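Here are some friendly exercises to work through with the model in view. Try each task yourself before you read its solution.

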Amino acid sequence: MARRSNGRGWNSKLIGVALGVTLLATGASVWTAQAGTANDSSPGASAPAAPSVKPTEVTIAHSSDAGAHGINITIDDGPDPTWTPQVLDVLREYGVKATFCMVGPQAQAHPDIVKKIVAAGHRLCDHSVSHDTAMDKKSEAYQSRQILDAERMITKASGGVRPMYYRAPGGAFTPYSRKLAASRGMRPLGWNVDSKDFERPGTDTIVATVERELPNGPTLLFHDAGGDRTQTVEALRRLLPQLKEQGYTFGFPVR
């Protein structure tokens, strides 16, 4: 997986927010999972997995639960009040479910959108607190705060639905971060096709990139935040019916 640049415009704003969320209030919380109920009695960054949290595989998932002709649509960096609703509209129009990889402060700022995503049957993914693509160069304590604080923020914003995956910013996984996420029931999530939509190369180019790279595997990467995502919305509007006509079905990353 190619390492993406950490220079997108919104990231510097997130760093300031992230400094204020690395220590959260202690207390017990009861979280309703998409596949059950998880009780976490210790919200500190070093909290171990509670007995009711079912660990997942530590390997990075790329394949689809929809089988050999399955495709996973994954959407990173939101939610965003302008672009995420538009992405949701396109997904609903074509009956496609997606996995939304959320940055913690974005989820915290827009809980109404997080709840809409869940209500529409999409899945949640932890994409860290500050989208630091150099996380793999940082201490384990730092990685822990980034992953677990974002997990709590997303879960709270959703009304109790836990993220089912963890995607490291820019693919900056480490053995430690993968093991930690898996212990919390979040399968490490990679991608096979980077649409490069964050570069805003034009809708035609985004579509062409996906078509060219699709033989690499089923997990497609798009973005719903970090700038003007008009091209992303239009690319999805073209790609989803086209892929259906080609015999592909849409699923979720394997767990």
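## Exercise 1: Two unusual phi values

H131 sits in the loop that links β5 (123-126) to α5. The model is a predicted one, in which local features need pLDDT of at least 70, side-chain atom pairs count only at pLDDT 80 or more, and totals for chains, interfaces and linings use all residues. Residues are numbered from 1 along each chain as its sequence is written, and side-chain values use heavy atoms, with hydrogens and water left out.

*Task.* What is phi of H131, and is H131 buried or exposed? Then do the same for R200: what is its phi?

*Solution.*
1. Recall the background: most residues other than glycine have a negative phi.
2. Phi of H131 is near 50 degrees, a positive value in a residue other than glycine.
3. With a relative accessible area of 1%, H131 is buried (buried means under 20% relative accessible area, exposed over 50%, partly exposed in between, with a 1.4 Å probe and protein chains only).
4. Phi of R200 is also positive, near 50 degrees. R200 belongs to the loop between β8 and α7, and its 44% relative accessibility counts as partly exposed.

Helices (H or I, at least four residues) and strands (E, at least two) are DSSP runs, numbered from the N terminus.

## Exercise 2: A peptide bond to find

*Task.* Which residues does a cis peptide bond join?

*Solution.*
1. Most peptide bonds are trans.
2. Here, G78 and P79 are joined by a cis bond, with omega of about 5 degrees.
3. Now place P79 on the chain: it is in the loop between β3 (70-76) and α2.

## Exercise 3: The two sides of α7

*Task.* Which residues of helix α7 (residues 203-213) are buried, and what do they pack against?

*Solution.*
1. List the buried residues of α7: T203, I206, V207, T209 and V210.
2. These residues cover an arc of only 160 degrees around the axis, so they are on the same side of α7 (the arc is that of the directions from the helix axis to the C-beta atoms).
3. Turn to the face away from that buried side, and you find the exposed residues D204 and R212.
4. The buried residues of α7 pack against β8 (193-194), β9 (219-223) and α8, where contact means heavy atoms within 4.5 Å.

## Exercise 4: Helix α8 and its partners

*Task.* At what angle do α7 and α8 pack, and at what angle do α2 and α8 cross?

*Solution.*
1. Start with the method: axes are lines fitted to C-alpha atoms, for helices over the stretch in contact, and angles run from 0 to 180 degrees between N-to-C directions.
2. The axes of α7 and α8 are 9 Å apart, and the angle is about 45 degrees. That makes α7 oblique to α8 (under 35 degrees is roughly parallel, over 145 roughly antiparallel, 65 to 115 roughly perpendicular, and the rest oblique).
3. Next take helix α2 (residues 83-93) and helix α8 (residues 230-245): their axes come within 10 Å and cross at roughly 5 degrees. Therefore α2 and α8 are roughly parallel to each other.
4. Look at the residues that meet: W83, Q86, V87, V90, L91 and E93 in α2 face T230, V233, L236, R237 and L240 in α8.

## Exercise 5: A buried serine

*Task.* Where is S144, and how many residues along the chain separate S144 and A181?

*Solution.*
1. S144 is part of helix α5 (residues 140-158).
2. Its relative accessible area is 5%, so S144 is buried.
3. S144 and A181 are 37 residues apart along the chain, and their C-alpha atoms are separated by 9.0 Å.
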